[in-house]
Amino acid sequence: MAMRSLDDLDVSGVTVLLRADLNVPLDGAAITDDGRIRASLPVIEKLSARGAKVIILAHLGRPKGGDYAERAEGGPSLAPVAARLSELLGKPVAFATDVAGESAAATVAGLADGDVAVLENVRFEPAETSKDDSARLELARRLAVFGDLYVGDGFGAVHRKHASVYDLPLLLPHAAGDLVWAEVDVLSRLTSSPEAPFVVVLGGAKPSDKLGVIANLLDRADRILIGGGMSYTFLAAQGYEVGKSLLEADKISAVTEIIAEAERREVDLVLPVDLVAATNFAPDADHDVVQVKEFPADREGVDIGPATRELFADKLADASTVFWNGPLGVFEFPAFAVGTRAVADAITRVDGFTVVGGGDSAAAVRALGFEESAFGHISTGGGASLEYLEGKDLPGISVLEG
Ligand code: ADP
Ligand code: MG
């Protein structure tokens, strides 16, 4: 890997365009989990302390609309994120009310050495995510005039070939930020020579997001534990009734193939043996523990059951390496967070190297009150860490290697 690090550069008096990942979950304008802002602080503080003028580029949510005006109107704006960043840094953060327009130009012109500014949600510019190379390049050119140097530290977006992630660093001298370094370092440990037993725990909503990872990790993992919404497709593939649970019927044959492949490679693929079956999808829904063999057709699975919690904890107990992605149930409803809590707890007791990946998993860990330090590493990048583990090329990383 030939990525340059920040420590190779003199940034004093230099205007740095920093691509960060500040894509936090929101409830209206309220930030419900500021983990990604906190994870971005070290690089921002380092650049500022070394006398750089720091201009932060980031996206938030998925703005909708055909042009800039419609998207800016619909939001979400990064303004509350800039305000939170200012609180965490303990100093003012300038905010530009556009991405590459008059406000951005004026904000940049007003920066002194050590100052920090945030530009408005880069996805208000439709070109940011365009498949058209020339449209992205044009936006990248408008952004490049603001800075002397590009630092890529938005790990959660490095799997995207977007203007601020891929095209902009092609136009400027560039380096990888500390967060990107740390993430790549951890994930490479999981893919190169993970110490056995290597236990992978997968949950979350849909198997389609994660089949590629399972396929790639079959090479390396000793056990793969599957729970959460994605487990119902596995259970259905084995012929069980899953009622009204989340099911990706079009993935049953792919899942069947994975199950067979795991068997061929003697990977222990562990599915739930009991489940919490609710009458409907609501925080106060009536619910019972049922065996997978007796799942009622009119119920919906919302969590793993007590026997599965114990089984998964057993399978984790002697692990030397753990990768966990995806909540084991609908953890947003406290009644159905029990399985996720139990697995998180079992992972904190592992005497080995443990990694939590996935936006919702990281949020769940914090929402359930676990100390981040109880885990070896909590990745900020859901899709990015999965694609890395799938063995895919990450455009936002490879561009920094060039
Ligand atoms: P991550 O962001 O950690 O990769 P995902 O986005 O794949 O995780 O999945 C998270 C979502 O999966 C959560 O919103 C959670 O409510 C949902 N989920 C987990 N188990 C179930 C289930 N049994 N039924 C429906 N949704 C579930
Ligand atoms: Mg998610």
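A polar contact is a pair of N or O atoms within 3.5 Å; within protein, one must be able to donate a hydrogen and the other to accept it, and residues adjacent in sequence count only if both atoms are side-chain atoms. This is a predicted model, in which local features need pLDDT of at least 70 and side-chain atom pairs count only at pLDDT 80 or more, while totals for chains, interfaces and linings use all residues. Residues are numbered from 1 along each chain as its sequence is written, and side-chain values use heavy atoms, with hydrogens and water left out.

**Exercise 1.** Find polar atoms of the protein that pair with ligand 1.

*Solution.* Begin with the backbone of Ala205, where an N or O atom lies 3.2 Å from an oxygen atom of ligand 1. Turn then to the side chain of Lys210, which has an N or O atom 2.8 Å from an oxygen atom of the ligand. Finally, a polar backbone atom of Gly329 is 3.4 Å from a nitrogen atom of ligand 1.

**Exercise 2.** Determine which peptide bond next to Pro76 is cis, and place Pro76 in the chain.

*Solution.* The cis bond runs from Gly75 to Pro76, with omega near 5 degrees. Pro76 itself belongs to the loop between helix H2 (68-74) and helix H3 (79-89), where helices are DSSP runs of H or I with at least four residues and strands are runs of E with at least two, numbered from the N terminus.

**Exercise 3.** Describe the backbone and the setting of Glu266.

*Solution.* Although Glu266 is not a glycine, its phi is positive, near 60 degrees. The residue is found in the loop between helix H10 (252-264) and strand E11 (268-270).

Methods:
Chains are lettered from A and ligands numbered from 1 in the order in which they are written.
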